[in-house]
Amino acid sequence: MDDEVINIKLTRDQAFVLSDWLYQVMFQSDDLEGIVRDRAVWSPIYSISGTLDTTLSEIFMPDYGPRLEAAKQRLHADLYGADDEPMSPTEGG
């Protein structure tokens with residue numbers, strides 16, 4: 001068994017949006033089994049979720065919803081630009 005640790009780097013916005021999505025899938029919809037059929041994958045999913053939960057102060061703030069929406073908008077703009085059009089790889093998308 002290889003126990004070498006792998007580090008994944010995310011921006012704070014990416015981590016916040018991913019944390020919310022994981023929470024929705026794992027705890028609110030109980031649909032993790034429907035999305036991820038291989039239970040071996042659950043181990044890293046729970047590990048990532050737990051790390052995000054202990055790292056992000058935003059998830060405990062009273063203005064969680066507006067902060068989440070702002071993070072989503074910034075990520076969307078990074079991916080698609082201000083015109084909501086997907087950018088080509090040569091345009092920096």
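Q: How much space lies in the largest pocket?
A: The structure is a predicted model. In this model the largest pocket is lined by 18 residues. The space in this pocket comes to about 430 Å³.

Q: Which residues lie nearest the centre of the largest pocket?
A: The lining of the largest pocket has 18 residues. Helix H1 (12-28) and helix H3 (42-55) are the elements that give two or more residues to this lining. Nearest the centre of the pocket lie Ile8, Ser47, Ile48, Thr51 and Leu52.

Q: Which element gives the most to the lining of the largest pocket?
A: Two elements give two or more residues to the lining, namely helix H1, covering 12-28, and helix H3, covering 42-55. With seven residues, the element that gives the most is H3.

Q: How do the residues of the lining divide into nonpolar, polar and charged?
A: The lining of the largest pocket holds 18 residues. Among those nearest the centre are Ile8 and Ser47. By class, the lining residues are ten nonpolar, six polar and two charged.

Q: Which residues make the nonpolar surface patch of about 400 Å²?
A: Two residues that lie nearest the centre of the largest pocket, Ile8 and Ile48, also belong to this patch. Leucine 10, another member, has its place in the segment before H1. The full set is Ile6, Ile8, Leu10 and Ile48.

Q: Is leucine 10 buried or partly exposed?
A: Leucine 10 sits in the segment before H1 and helps to make the nonpolar surface patch. A residue counts as buried under 20% relative accessible area and as exposed over 50%. Because its relative accessibility is 42%, leucine 10 counts as partly exposed.

Q: What pattern does the chain follow along the sequence?
A: The chain has 93 residues, of which 23% are buried. It contains four helices and zero strands. Read along the sequence, the pattern is α-α-α-α.

Q: How far apart are the closest N and O atoms of aspartate 13 and arginine 74?
A: A search of the whole structure finds four salt bridges, and the pair of aspartate 13 and arginine 74 forms one of them. The pair links distant parts of the chain, with aspartate 13 in helix H1 and arginine 74 in helix H4 (residues 64-80), 61 residues apart. The distance between their closest N and O atoms is 2.6 Å.

Q: Which residue of the pair aspartate 13 and arginine 74 is buried?
A: The cut-off for buried is under 20% relative accessible area. Arginine 74 has 42%, so it is partly exposed. At 18%, the buried residue is aspartate 13.

Q: Which residue meets arginine 67 in a salt bridge?
A: Arginine 67 counts as partly exposed, at 34% relative accessibility. Its partner is also partly exposed, with a relative accessible area of 32%. The side chains meet at 2.9 Å, N to O, and the partner is aspartate 63.

Q: In which helix do lysine 72 and glutamate 69 both lie?
A: Lysine 72 forms a salt bridge with glutamate 69, with the closest N and O atoms 3.8 Å apart. Lysine 72 is partly exposed at 35% relative accessibility, and glutamate 69 is partly exposed at 42%. The two residues are three apart, about one turn of the helix, and both lie in helix H4.

Q: How far apart in space are alanine 71 and alanine 15, C-alpha to C-alpha?
A: Alanine 71 has its place in helix H4. With a relative accessible area of 0%, alanine 71 is buried. In sequence alanine 71 and alanine 15 are 56 residues apart, while in space the C-alpha to C-alpha distance is 9.6 Å.

Terms used
Residues are numbered from 1 along each chain as its sequence is written. This is a predicted model: local features need pLDDT of at least 70, side-chain atom pairs count only at pLDDT 80 or more; totals for chains, interfaces and linings use all residues. Side-chain values use heavy atoms; hydrogens and water are left out. On a 1 Å grid over the protein atoms alone, a cavity is a set of points where a 1.4 Å probe fits but cannot get out, and a pocket is an open set with protein on both sides within 12 Å along at least five of seven lines; lining residues have an atom within 4 Å of a point. Grid points are joined across faces, edges and corners, and a volume is the space filled by probe spheres set on the points. Ala, Val, Leu, Ile, Met, Phe, Trp, Tyr, Cys and Pro count as nonpolar, Asp, Glu, Lys and Arg as charged, and the others, Gly among them, as polar. Patches are made of residues with over 30% relative accessible area and no salt bridge: like charges are joined within 9 Å, nonpolar side chains (Val, Leu, Ile, Met, Phe, Trp, Tyr) within 5 Å. Accessible areas come from the Shrake-Rupley method with a 1.4 Å probe; for residues, only the protein chains shown count as cover. Buried means under 20% relative accessible area, exposed over 50%, partly exposed in between (1.4 Å probe, protein chains only).
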